[in-house]
Amino acid sequence: MTTDPITRSRKLLDVAGVLVRWVVGGLFIYMGMKKALDPVTFLKLVRQYEMTNSPLVLNSIAATLPWFETFCGLLLVAGVAVRGTALMLLAMLLPFTAVVWHRALAIAATKALPFCAVKFDCGCGMGEVFICGKLAENSILIVLAAWMLWGSGRKLCARFSLLP
């Protein structure tokens with residue numbers, strides 16, 4: 001018995017979507033928990049972006065963002081509200097990527113370094129990273145979040161697996 005090539009490719013896309021959801025979710029759980037367990041260091045990193053001088057805003061960002069990332073990762077792994085979570089990831093990743101880009105340009109100009117030679121701790125939970133690698137990683141995460149927002153990875157989700 002042969003399977004229809006369209007059905008087979010659809011099943012492969014479903015499996016890939018679930019794997020992407022689990023990997024992205026696991027990554028956000030890891031990064032969020034790493035920041036949540038060391039809030040003082042994360043606060044210092046957030047302060048370096050010089051987006052605001054308000055201690056209330058800085059402390060709010062340092063206190064809530066890691067837990068929000070962790071929560072989004074848990075939702076993805078569990079398969080709950082996948083499209084809404086993907087939208088929230090895009091809402092976090094797009095401005096974060098722009099801010100990291102801006103800071104890297106400033107560091108490159110100040111130290112007279114080539115752009116891809118810039119290396120700093122961006123606050124993502126991965127320590128010091130080369131900026132070109134970080135921007136590539138964020139671009140991939142943005143594409144994957146957009147793919148999940150489009151509807152991929154809905155297999156093994158609570159809504160679609162548990163309801164008749």
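# A walk through the helices, starting at Y49

Start by selecting Y49, which sits in the loop between α2 and α3. This is a predicted model, so keep that in mind as you click around. Is Y49 buried or exposed? Y49 counts as buried because its relative accessible area is 14%, under the 20% cut-off. Now show its contacts: leaving aside neighbours within four places in sequence, Y49 touches F96, V99, V100, R103, F120, C122 and G123. Draw a distance to the last of these, and you'll get 9.8 Å between the C-alpha atoms of Y49 and G123, which are 74 residues apart along the chain.

Slide along to E50, in that loop between α2 and α3. What is the sign of phi at E50? It is positive, about 50 degrees, although E50 is not a glycine. As background, most residues other than glycine have a negative phi. E50 is exposed, since its relative accessible area is 68% and the cut-off is over 50%.

**Zoom out**

Time for the whole thing. Colour by secondary structure and you should find 6 helices and 2 strands. Going from the N terminus, the order of the elements is α-α-α-α-β-β-α-α. The C-alpha trace spans about 65 × 35 × 20 Å along its principal axes. There are 164 residues in the protein, and 36% of them count as buried. If you like contact maps, look at pairs with a separation of 6 or more: 67% of those contacts join residues 24 or more positions apart.

**Helix α1**

Select residues 5-36, which is α1. How far apart are the end C-alpha atoms of α1? They are 46 Å apart, and that agrees with the 46 Å expected for 32 residues at 1.5 Å a residue. Next, show the side chains that are buried in α1: among them are D14, V18, R21, V24, F28, M31 and K35. Residues three or four places apart on an α-helix point the same way, because there are 3.6 residues a turn. The buried residues of α1 pack against α2, α3, α4 and α5.

While you're here, pick L19, also in α1. L19 is partly exposed, with a relative accessible area of 46%. Its C-alpha atom is 9.4 Å from that of V77, 58 residues away along the chain.

**Helix α3**

Now select residues 55-78 for α3. Its 24 residues should span 34 Å at 1.5 Å a residue, and the end C-alpha atoms are 35 Å apart, which agrees. Where does α3 bend? Centre on T64: the bend there is about 30 degrees, and a proline, P66, follows within four residues. P66 is one of the buried residues of α3, as are L58, A62, E69, T70, C72, G73, L75 and L76. Turn on the neighbours, and you'll see that the cover over these buried residues includes α1, α2 (39-48), α4 (82-111) and α5 (131-150). Just past the helix comes G79, with a positive phi near 80 degrees.

**The largest pocket**

Switch on a surface. Rolling a probe the size of a water molecule over the atoms shows where empty space is left. The largest pocket has a volume of about 430 Å³. It is lined by 21 residues, and the closest to its centre are F42, L65, E69, M92 and F96. Which helix gives the most to the lining of the largest pocket? That's α4, with 5 residues, although α1, α2, α3, α4 and α5 each supply at least two. Colour the lining by class and you get 16 nonpolar, 2 polar and 3 charged residues.

**Two last loop stops**

Select C124, in the loop between β1 and β2 (128-130). C124 is buried, with a relative accessible area of 3%. Beyond its neighbours within four places in sequence, C124 is in contact with M31, K35, F96 and K134. Its C-alpha atom lies 10 Å from that of E69, 55 residues apart along the chain.

Finish at A112, in the loop between α4 and β1 (119-121). A112 has a phi near 55 degrees, a positive value in a residue other than glycine. At 68% relative accessibility, A112 counts as exposed.

Key: Residues are numbered from 1 along each chain as its sequence is written. This is a predicted model: local features need pLDDT of at least 70, side-chain atom pairs count only at pLDDT 80 or more; totals for chains, interfaces and linings use all residues. Side-chain values use heavy atoms; hydrogens and water are left out. The expected span of a helix is 1.5 Å times one less than its number of residues. The bend at a residue is the angle between axes fitted to the seven residues ending there and the seven starting there. Buried means under 20% relative accessible area, exposed over 50%, partly exposed in between (1.4 Å probe, protein chains only). Contact means heavy atoms within 4.5 Å. On a 1 Å grid over the protein atoms alone, a cavity is a set of points where a 1.4 Å probe fits but cannot get out, and a pocket is an open set with protein on both sides within 12 Å along at least five of seven lines; lining residues have an atom within 4 Å of a point. Grid points are joined across faces, edges and corners, and a volume is the space filled by probe spheres set on the points. Ala, Val, Leu, Ile, Met, Phe, Trp, Tyr, Cys and Pro count as nonpolar, Asp, Glu, Lys and Arg as charged, and the others, Gly among them, as polar.
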